[in-house]
Amino acid sequence: MDIKIEARWKKALAEEFTKPYFTQLIRFVKDEYQKYTCYPNGKDIFAAFDSCPLDKLKVVIIGQDPYHGVGQANGLCFSVHDGITHPPSLRNIFKEQETDLNKLYPTSGDLSHWAKQGVLLINATLTVRAHEAASHQKQGWEIFTDAVIKEISDKKENIVFLLWGGFAKNKSKLIDTTKHHILTSGHPSPLSANRGYWFGNKHFSKANNFLVSKEISVVEW
């Protein structure tokens with residue numbers, strides 16, 4: 001099975017692609033895309049990896065599953081294509097960025113410029129059926145993305161993990177905290193943010209401060 005994914009990631013994850021669960025997962029995904037409208041576009045399923053080469057990796061942000069509305073998902077968690085209305089969680093991310101970094105609220109919701117600088121924007125589940133949130137969960141994607149997190153933890157050093165909300169925080173057990181830096185907060189969704197669990201976390205400046213302390217170039221958020 002030939003998985004089209006950035007070369008260094010492909011080499012690092014080669015063993016995962018040969019496992020029975022992954023073969024079954026790909027069969028499921030192909031069947032879903034043939035029968036239903038699914039997101040993101042097939043070419044964007046592995047966009048998080050293609051946009052953020054392994055040797056540039058600095059920061060990992062973990063989402064749950066892709067946006068399921070028309071034209072929203074672009075393969076990077078929390079990100080949308082240019083011209084798409086910013087979903088509520090993304091609006092709150094940008095509001096926190098505004099106050100934390102004293103930056104203007106951006107017009108584009110496309111976060112690929114973060115990815116190109118070394119921010120892996122990965123959802124735990126990489127595909128979804130249109131208008132059916134969580135419809136592709138528990139089919140094998142979580143096994144794969146957990147393996148990705150473990151691979152990063154084992155093979156890299158001084159990566160900043162931004163774990164937003166309970167789902168992402170549960171991934172902390174996969175991360176070696178003697179080698180990496182974890183920042184946690186509530187989820188940027190309105191439900192969490194409006195209760196005071198998101199705003200003021202200053203994760204963007206804190207992540208950059210850690211990178212500076214390790215003599216790693218900062219992210220231009």
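In which helix is the place of Thr23? In this predicted model, Thr23 belongs to helix 3, which comprises residues 20-35. The residue has a relative accessible area of 30% and is therefore classed as partly exposed, a category that lies between the cut-offs of under 20% for buried and over 50% for exposed. In sequence, Thr23 is separated from Ala115 by 92 residues, and the C-alpha atoms of this pair are 27 Å apart in space.

Helix 3 also contains Tyr21. With a relative accessible area of 16%, Tyr21 is buried, because the class requires a value under 20%. When residues up to four places away in sequence are not counted, Tyr21 touches Glu16, Gly140, Ile143 and Phe144. Of these contacts, the one with Phe144 joins positions that are 123 residues apart in sequence, with a C-alpha to C-alpha distance of 8.8 Å.

Arg129 is situated in strand 4, a run made up of residues 128-129. The relative accessible area of Arg129 is 18%, so this residue is buried. Apart from neighbours within four places in sequence, the contacts of Arg129 are Glu32, Tyr36, Thr37, Cys38, His68, Ser135 and His136. One of these partners, Glu32, falls within the residue range 20-35 of helix 3.

The analysis of internal space identified one cavity of 30 Å³ or more. The volume of the largest cavity is about 30 Å³. Its lining is formed by Ile62, Gly63, Gln64, Trp164, Phe167, Ala168 and His187. At least two of the lining residues come from strand 2 (59-63), and at least two come from helix 8 (165-169). By residue class, the lining of the largest cavity consists of four nonpolar and three polar residues, with no charged residue.

Open space was examined in terms of pockets. The largest pocket has a volume of about 380 Å³ and a lining of 23 residues. Nearest to the centre of this pocket lie Asp65, Pro66, Tyr67, Phe78 and Ser89. The lining of the largest pocket divides into 10 nonpolar residues, 12 polar residues and one charged residue. Asp65 is among the lining residues nearest the pocket centre, and aspartate counts as charged; the one charged residue of this lining is therefore Asp65.

How values were computed
Residues are numbered from 1 along each chain as its sequence is written. This is a predicted model: local features need pLDDT of at least 70, side-chain atom pairs count only at pLDDT 80 or more; totals for chains, interfaces and linings use all residues. Side-chain values use heavy atoms; hydrogens and water are left out. On a 1 Å grid over the protein atoms alone, a cavity is a set of points where a 1.4 Å probe fits but cannot get out, and a pocket is an open set with protein on both sides within 12 Å along at least five of seven lines; lining residues have an atom within 4 Å of a point. Grid points are joined across faces, edges and corners, and a volume is the space filled by probe spheres set on the points. Helices (H or I, at least four residues) and strands (E, at least two) are DSSP runs, numbered from the N terminus. Buried means under 20% relative accessible area, exposed over 50%, partly exposed in between (1.4 Å probe, protein chains only). Contact means heavy atoms within 4.5 Å.
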